[in-house]
Protein chains: 2
Amino acid sequence: MQKLTFYSQIDHRADNRLGPNGADMQITIDLIGTLPLFERLEPSLRLRIEAISETIAVGADHVLSLQGTMPKHLHVLLEGQVALSSTAADGTTALVEVLHPLEHFVLASVLTRLPYLMTARTVGPCRLVAIDAEGLLGIVEREAAVANVLLHSVSREFRTMVCQVRDLKLRTAAQRLGCYLLARVKDGTAERAEFRLPFDKGLLAARLGCRQENLSRAFAALRSYGVETHGSRVILHDIPRLKALAVPDELSDPNVL
Amino acid sequence: MQKLTFYSQIDHRADNRLGPNGADMQITIDLIGTLPLFERLEPSLRLRIEAISETIAVGADHVLSLQGTMPKHLHVLLEGQVALSSTAADGTTALVEVLHPLEHFVLASVLTRLPYLMTARTVGPCRLVAIDAEGLLGIVEREAAVANVLLHSVSREFRTMVCQVRDLKLRTAAQRLGCYLLARVKDGTAERAEFRLPFDKGLLAARLGCRQENLSRAFAALRSYGVETHGSRVILHDIPRLKALAVPDELSDPNVL
DNA sequence: CTAGCGCATTGACGTGGATCAACGCTGGCG
DNA sequence: CGCCAGCGTTGATCCACGTCAATGCGCTAG
């Protein structure tokens, strides 16, 4: 349930807005403006986007977009977690990313009018905004401001994928894990940190591109670098030492992505 | 030298345009319109982009953009090949993509005004268009048509990276090679094909995410699937069989990317 | 409290690919 | 003509990781 508290300022409003029977359009009026994606747009444009948006709530393990089908909506996650995975022709599937509240997905498919490359599946119960794809495209094609906001966004997503490719090619699972853990600590100067993993280790393993067993071993390997774990609670005792193993290199820090 | 013939309709003009001493601005007038990236823009917008563009020629092994530095130009390749690679903090480097004529690069960096994530290095002598980054951003911010063209382009790039991530996580080097070879043959119905690799095997290995030695073994493994090689000349004797090994799944075919 | 389930850990073993080293082939050059 | 440099291939060995199987641990339900 901890995930429900992630973005409580949104949850409050959403709680009123959403009866058990679905979305109430009227109360979404100021919602679009609270999404980082659109917050810098002027009000009239936000209204036009709101007019083609809908807030939806779905249960766990629900497929929001199926690989190979055409995009109907751009989704923005309000609450919960969504796993993006891509399955190859032989049926094996790779988890590409796990999304957290306020992140959006399938933007590239919507913009190119090409079939989804990934399947988006809710990890637990989720609440999200669904923006009509064709409607959005109509706005994007005329409004440079909207196009620019999305341009920035897709570009950033592209850059995270480049980093992921590089890390898969160059780093070991333990290094990727170290890097992931270091990215969880906000305070760049701290020598010590403690936090909870945002999802269970099975998902984390998939996100890092390895099996759960191997993730276990990676955690074990990191113990000599001052990493202590109790279930999903993680303590980093010696951040500088961990950084020496898995440098979260200058370019992967948040303000560069 | 074979690469000089790739896009002869451009080469002709470029040959006149470019004296040994560099670019001649006047003759670039219709150049922007010939780039797939901009061909659908109306003439007045193309002119504005041309005004901030320059044609340049550089020798082999020349760094066009250095990872970590700020973007100054958007580059479009006219002739030659450019390798995009990303180096991790420990100094190891992964080749992410090899570009061919008419492709562009570092678009995401330019659009986000963030430092390059990759180093772009010419493989052989190249001719390219360099578009001033800030000038382009100025146009993009006001002109929805330009923004949309780029939006489409970055989205497609994003999708190719997603495929690359998936393939790295799921497929073996031999499968990736098979897939790459199948992508070289245009005719989807042919049972047999013959062509030349566009670059040497060292680069191909890097592009596929393995060592040269392993690429050799991958070629050896594919021999039993009807793949025959003589230097850079490749013959696929039994495309259906190769497809069974390395399905270039529906989603990685060109009209989906 | 205990049974039982699900997640996490640990061990044994197989495989893909990296690394290191040797060798062949080809093409330029003295 | 023979030498040498560069690319490609092949073999031996090592390491990271996947797979399979057994065990441990914390949780909830009875």
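Chain A has 10 helices and 11 strands. The model is a predicted one. Of the 257 residues in chain A, 40% are buried. Take the contacts in chain A between residues at least 6 apart in sequence: 71% of them join residues at least 24 apart.

**Where chains A and B touch**

Each chain takes part in the contact: 47 residues come from chain A and 47 residues from chain B. Look at the side of chain B. Four elements there give two or more residues: strand 5 (93-99), helix 4 (107-112), helix 5 (133-142) and helix 6 (144-170). Which of them gives the most? Helix 6 of chain B does, with 21 residues.

**Where the protein meets DNA strand D**

DNA strand D is surrounded by 16 residues. The closest are A:Thr172, A:Ala173, A:Cys210, A:Asn214 and B:Lys201. Two helices of chain A, helix 7 (173-184) and helix 9 (212-222), give two or more residues to this surface. So do helix 8 (201-208) and helix 9 (212-222) of chain B. Helix 9 of chain B supplies the largest share, five residues.

**Residue classes on the two surfaces**

The table sorts each surface by class.

| Surface | Nonpolar | Polar | Charged |
|---|---|---|---|
| Side of chain B that touches chain A | 26 residues | nine residues | 12 residues |
| Surface near DNA strand D | five residues | six residues | five residues |

On the side of chain B that touches chain A, 26 residues are nonpolar and 12 are charged. The surface near DNA strand D has five of each of these classes, along with six polar residues.

Key:
Residues numbered from 1 in each chain as written. Chains lettered and ligands numbered in written order. Predicted model: local features only at pLDDT ≥ 70, side-chain atom pairs only at ≥ 80, totals over all residues. Contact = placed C-beta atoms within 7 Å. Nonpolar A, V, L, I, M, F, W, Y, C, P; charged D, E, K, R; others polar. Near = placed C-beta within 6 Å. Buried ≥ 20, exposed ≤ 12 C-beta atoms within 10 Å, placed from the backbone.
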